[in-house]
Amino acid sequence: MDFTLSKEQRDIVRAARKFAIGEFPDRALEFDREEKFDLDLWRKACELGFVGVFIDPVYNGAGMGYLEHCLISEEFWGVDPGIGQAILSATFGSELLLLYGTEDQKQLVLPKLVSGEAIIGTAVTEPDAGSDVTSVRTTAVKDGDEWAINGSKMFTTNGTIATWILVFCMTDQENPSRHERHSFFLVPTDRPGFKAKKILGKTGIRASDTADISLRNVRVPLDHMVGKQGEGFHELMAFFNRTRLHICAQAVGLARGALDESIRHIKERHQFGAPLASFQVMQFKIAEMATWIRASRNLYYEAAWLVDQGRLDHALIAMAKWFSAEMAVRCADEAVQMHGGYGYIDEYKVNRLYRAAKVLEIYEGTKEMEKTIVSRAILG
Ligand SMILES: Cc1cc2nc3c(=O)[nH]c(=O)nc-3n(C[C@H](O)[C@H](O)[C@H](O)COP(=O)(O)OP(=O)(O)OC[C@H]3O[C@@H](n4cnc5c(N)ncnc54)[C@H](O)[C@@H]3O)c2cc1C
């Protein structure tokens, strides 16, 4: 197996790094402190072709693999996780449409995501349904030639800025299998009854929009169901098997950012008449971080490569997700430690990395849920 990047992939990495280094650092602190984002930056990333690279050319995408999307994410998250998330999560849901959407749904949504005209989100989590997605209670009931949707969603990324949200709803309450009761709907956010309220006070990735959503008799046409009725749970798992790879890339990017900052700092900072880098304890931290990053990257490259080969391995994806998330948290923690008191101040990049890292162990499947998937695959 050869994981050497092709020339095209190396060019993408170089271009993504150049864009991120040129655009993010001057604005990262302001966006983080003020919990805001400038959508012009997302539009610029779209113009330069960084958004939705895995979308098929028939929908104006670049038709690349999911790995290329991950490579861009690594570079963006290495410079600033909040801005990286704000830009690249603008397509969060397109993976589901590509897998299960009708041709009309794809034509309606995907070209606009690539061109920077629209943003999408996916709302599964509810106040009483987090890790256990089968307990989602938002209902979609058929009424004439429409579906009527009622319920509440929590923590929806892009909730206040998206043009569409894919909403995971209960449609088949009576089905004896709790895995066959739910379905997805493409909900335009301008429908009467749709309300989104921005959540403020997140620990990290504060440039990224997160919202509570309320749906009160929101009506969508029958053809806005995505996928098959009652198959939503299985579709969601297939969706996560793509998007969790993206989380691995976020983790590796963040950890690389933490490593680079640490190397720079310990070479510059002197204590006891010598650079911090001359102390073996610091050298070992660098060695450990570099090794953890390499191991995480190899794990997720293999998982992404298998997906792009049509040989998805869900246990390998779960391994890569929890391992890279824990690795990122550890690297960010060590980076703050090596910065001493400076690392505790938000003006320092390692502080933003430290606060951003924790979410990687929580969203799109907590590390405990990922370990459950892995242990079930092993133990049966
Ligand atoms: C910034 C951010 C963005 C998000 N974006 C989205 C989004 O766009 N769309 C969306 O739908 N959701 C989103 N989420 C929600 C996220 O996916 C959930 O927070 C996550 O799935 C966990 O659910 P929960 O918060 O309800 O925690 P819970 O499920 O209540 O879990 C709490 C703790 O209990 C543990 N636990 C639960 N069940 C078990 C078990 N059986 N065995 C062992 N341990 C268990 C968990 O691992 C966790 O440690 C986002 C969250 C955040 C913070």
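**A tour from helix H1 to the ligand**

Start at Asp11, which is partly exposed at 30% relative accessible area (buried is under 20%, exposed over 50%, partly exposed in between, with a 1.4 Å probe and protein chains only). This is a predicted model: local features need pLDDT of at least 70, side-chain atom pairs count only at pLDDT 80 or more, and totals for chains, interfaces and linings use all residues. Numbering runs from 1 along each chain as its sequence is written, and side-chain values use heavy atoms, without hydrogens and water.

Add Arg14. Its side chain meets that of Asp11 in a salt bridge, 2.7 Å from N to O (a side-chain nitrogen of Lys or Arg within 4 Å of a carboxyl oxygen of Asp or Glu). The two are three residues apart in helix H1 (residues 7-23), so about one helical turn separates them.

Next, select Arg178 and Asp132. Their side chains form a salt bridge at 3.9 Å, N to O. Arg178 sits in the loop between strands E4 (164-170) and E5 (182-188), and Asp132 in the loop between E1 and strand E2 (139-143), so the pair ties together parts 46 residues apart in sequence.

Now show Arg17, Glu74, Glu75, Arg256 and Arg297. Salt bridges link them in a network.

Finish at the ligand. 18 residues surround it (a heavy atom within 4 Å). Among the closest are Thr125 and Phe155. Pick the side chain of Thr125: an N or O atom there is 2.7 Å from a ligand nitrogen. Then pick Thr157, where a polar side-chain atom lies 2.8 Å from a nitrogen of the ligand.

Terms used:
Polar contact = N/O pair within 3.5 Å; in protein donor to acceptor, adjacent residues only side chain to side chain. Helix = DSSP H or I, 4+ residues; strand = E, 2+ residues; numbered from the N terminus.
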